[in-house]
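Colleague: Before I use this model I would like to go through the terms attached to it and hear what each of them rests on.

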Amino acid sequence: MTIDATDRRIIAATQGGLPLVPAPYAAVAAGLGMKEDVLCARLREMQAQGVIRRIAVAPNHYALGMVANGMSVWDVEDGQIAELGTLVGALDYVSHCYERPRALPAWRYNLFAMIHGASREAVEDKRQAIAALLGPACRAHDILYSTRILKKTGLRLRPKEG
Amino acid sequence: MTLDAMDRRILNRLQEGFPIVPHPFEAVGAELGLSGCDLVARLERMQAEGVITRFGPFYDAEAMGGAFCLCAMAVPEAEFDAVVTKVNARPEVAHNYQRTHRLNMWFVLATETEGEIAGVASELERETGLRVHRFPKLREFFIGFRVAA
């Protein structure tokens, strides 16, 4: 989808979040000098086109006591990955679940799932639960813990004309 | 802070999505048996306490024309700090984590176009003398993280 200058203004005004007021879209529209129904139509169109993945809340895992996490990685039968990825992605302790290409021989895993738990032990238990769920369709698995954040920069849209 | 059962229901419900209607908090509140004002008040409190990182539209940067790629390198321990400096110096590197594996450096490249990803990866290979493995997202299986209700 091609987004125009108006969409970009809407993105710039909302990528930091929606205001917590009874009529949040009217508030955003007023700030942009736009009618609420025009703003809503644009948001619906961007959502339909996948530019907006969803309008939702992002919980802070750490504040919820889920202080441990690990990137679990799985070598799953290619023919079953759609079905198995959907199962793993639906687990309540998994936050990011993606199919990615292998890089043989250095890397055999094609399914990535971030597991969250209250402790390293809890994360390991959940990893074993996923292994049981996948059964023989999973040929190998591993988990990578982060030991140091080397760089962290937000992925924010650069303001651009067009 | 302590979350009660309603806070947890709110967190789970609002990870699923939020309607684009004039009074969305009233609409979601009705599903949960709360007034719109009470829902807003609970969200304000959870945001102030840091339980909620963000509330609003999640934009797909790829759908807007940007490109992202998870990359990993196997960096020898003795060279690690020197390689970190070279990798982090690139503005295209958005996050970078040291992880427990032979592939011990994992970072995300973010560029304007798909075509630039390979170029940045090749330059990093030249600068470091190490292979940059690329793991672009092929498919996402997203449901959302849920808290015990």
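The exchange below takes up the salt bridges, the interface and the domains in turn.

Modeller: Please keep in mind throughout that this is a predicted model.

Colleague: What makes R139(B) and E99(A) a salt bridge?

Modeller: The rule asks for a side-chain nitrogen of Lys or Arg within 4 Å of a carboxyl oxygen of Asp or Glu, and the N to O distance between the side chains of R139(B) and E99(A) is 3.0 Å, so the pair satisfies the rule and is called a salt bridge.

Colleague: And why is the pair of E140(B) and R53(A) called a salt bridge?

Modeller: The closest N and O atoms of E140(B) and R53(A) are 3.3 Å apart, and because the cut-off is 4 Å, this pair qualifies too. E140(B) belongs to strand β6 (residues 139-140) of chain B, whereas R53(A) belongs to strand β1 (residues 52-59) of chain A, so the pair joins two chains.

Colleague: How many salt bridges does the rule give between chain B and chain A, and how many over all chains?

Modeller: Between chain B and chain A the count is three, while over all chains it comes to 20.

Colleague: How do you know that chain B and chain A are in contact?

Modeller: Contact requires heavy atoms within 4.5 Å, and by that criterion 67 residues of chain B are in contact with 78 residues of chain A. The area buried between the two chains is about 6800 Å², with carbon and sulfur atoms giving 61% of it. Across this interface there are also 30 residue pairs in polar contact, both residues being at pLDDT 80 or more. On the side of chain B that touches chain A, the largest share, eight residues, comes from strand β1 (residues 52-59) of chain B, and the residues of that side divide into 39 nonpolar, 15 polar and 13 charged.

Colleague: What makes you speak of two domains in chain A?

Modeller: The domain assignment gives domain 1 (5-48) and domain 2 (68-144) of chain A, and the centres of these domains, taken over C-alpha atoms, are separated by 37 Å.

Colleague: Why is residues 7-53 of chain A called "Siroheme decarboxylase NirL-like HTH"?

Modeller: That name comes from an unreviewed UniProt entry, whose domain annotation covers residues 7-53 of chain A, and because such annotations may be inferred rather than shown by experiment, I would treat it as a label from the record. In the model, residues 7-53 of chain A are 64% helix and 4% strand, with the end C-alpha atoms 15 Å apart.

Conventions
Residues numbered from 1 in each chain as written. Chains lettered and ligands numbered in written order. Predicted model: local features only at pLDDT ≥ 70, side-chain atom pairs only at ≥ 80, totals over all residues. Heavy atoms only, no water. Domains from an automatic or database assignment. Buried area = accessible area lost by both parts, 1.4 Å probe. Polar contact = N/O pair within 3.5 Å; in protein donor to acceptor, adjacent residues only side chain to side chain. Nonpolar A, V, L, I, M, F, W, Y, C, P; charged D, E, K, R; others polar.
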